[in-house]
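Student: I should like to learn how strand pairing, nonpolar cores and burial are read from a model. Could we begin with a single pair of residues?

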Amino acid sequence: SLLATSNEAFEKLGLRDKVAAAGFTRKWGASFGPADGSAESYADFSVSPEIPYPQTWQVPRERLDELLLEHAAECGVEVHQEHRVMEVAFDAEGVTLDVAGAGETRRTVRVQAVIDASGRLGLLARKLRLRVEEPKLANIAIYAHFSGVPRPEGRRSGDIRIIGRDDMGWFWFIPISEELMSVGLVLQRRVFDTWPRLSREEILRRAIADTPAAAALMRDARREWPVRVEKDFSYYVRAYAGDRWLLAGDAGSFLDPVFSTGVTIALESGIEAGRALDAALARGDLSARSFADFQRVQRRRYRMFRRFVVGFYTPS
């Protein structure tokens, strides 16, 4: 579920028209309501004069990633699929990558610098022991895709819907396509640990049943996906850059999904990492000092969004 500012990133990349033509679900805002369905607060992106492109998208992530990869190749990037960087070694003259290819083949590649975009795998963050978990956001997400879930008529048919729970958990309802709705439950770990040990399917079923607003929406729903679980997904890093390396997107940090910031932050930090590295190469200085501005922006963005997210889970 993207934020409207994602469009500005697509514009910078020269990709906005391709995204608009991809057939993704149109999103104009988000609604928030309590468990009993007695009220609703709607955030309409078009209200803000600071947003040049208020209509954004709900996307099947693999299709968006494919668009980004294809566009990069069209722009001249040398793309190698089915290869994985297994190890990174730094020295004064450059960086050596140990790369695994198809069929268990291995080779080494020599480069000047690395932008780590390995997502929550966090290759460099784990190697350099940079990752710090967020104990205030120790949450668990349980989710699947369903058909037969009703949605509003008209412009709001593609908007995300958030339904809160009395235990400070919440549901997301994201219209991924005309047929499918992504339905997810987020629970705080301390709450989850008090529940009986049930299967993931039973947990999702139980939570839907005891949340009246969610139960009403799911009355005629049919599950089309296996139920999946994600946990411990909120973290940051002690450093977003160093000598000959930068961290972009989830490889650096990720916050709770409640405000749909993940893909937007990843896009913006990816663009910023590319610009920072380009400037550093032009200067001939690939030291951590050369990436100080990049690092400052990433930390400021994380702190800003963290205030909103922690506030969401604070009853007062």
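Tutor: Let us begin with a bridge: in this predicted model, Ile115 has Leu246 of β18 as its bridge partner.

Student: In which sense do β8 and strand β18 pair, and over how many bridges?

Tutor: The pairing of β8 with β18 (residues 245-247) is parallel and extends over three bridges.

Student: What is the strand order of the open sheet?

Tutor: The order is β8-β18-β17, three strands with mixed pairing. The edges are formed by β8 (114-116) and β17 (241-242), each of which pairs on one side only.

Student: How should one approach a nonpolar core?

Tutor: In soluble globular proteins, nonpolar side chains tend to be buried together. Here the largest nonpolar core has 44 residues, and those touching the most other members are Leu130, Trp170, Trp172, Leu246, Leu247, Phe291 and Phe294. A second, separate core comprises 24 residues, including Phe146, Trp195, Ile203 and Leu204.

Student: Which residues does Phe291 contact, leaving aside neighbours within four places in sequence?

Tutor: Phe291 is in contact with Ala241, Gly242, Arg244, Trp245, Leu246, Ala276, Leu277, Ala280 and Leu286. Leu246 thus appears twice in our reading: as the bridge partner of Ile115 and as a contact of Phe291.

Student: Is His71 buried or exposed?

Tutor: One compares the relative accessible area with the cut-off for burial, which is under 20%. His71 is buried because its relative accessible area is 10%. His71 belongs to helix α3 (residues 61-74). Not counting residues up to four places away in sequence, His71 touches Leu13, Gly14, Leu15 and Lys18.

Technical notes:
Residues numbered from 1 in each chain as written. Predicted model: local features only at pLDDT ≥ 70, side-chain atom pairs only at ≥ 80, totals over all residues. Heavy atoms only, no water. Pairing = 2+ DSSP bridges. Helix = DSSP H or I, 4+ residues; strand = E, 2+ residues; numbered from the N terminus. Core = buried A, V, L, I, M, F, W, Y, C linked by side-chain atoms within 4.5 Å. Buried < 20%, exposed > 50% of the residue type's maximum accessible area, 1.4 Å probe, protein only. Contact = heavy atoms within 4.5 Å.
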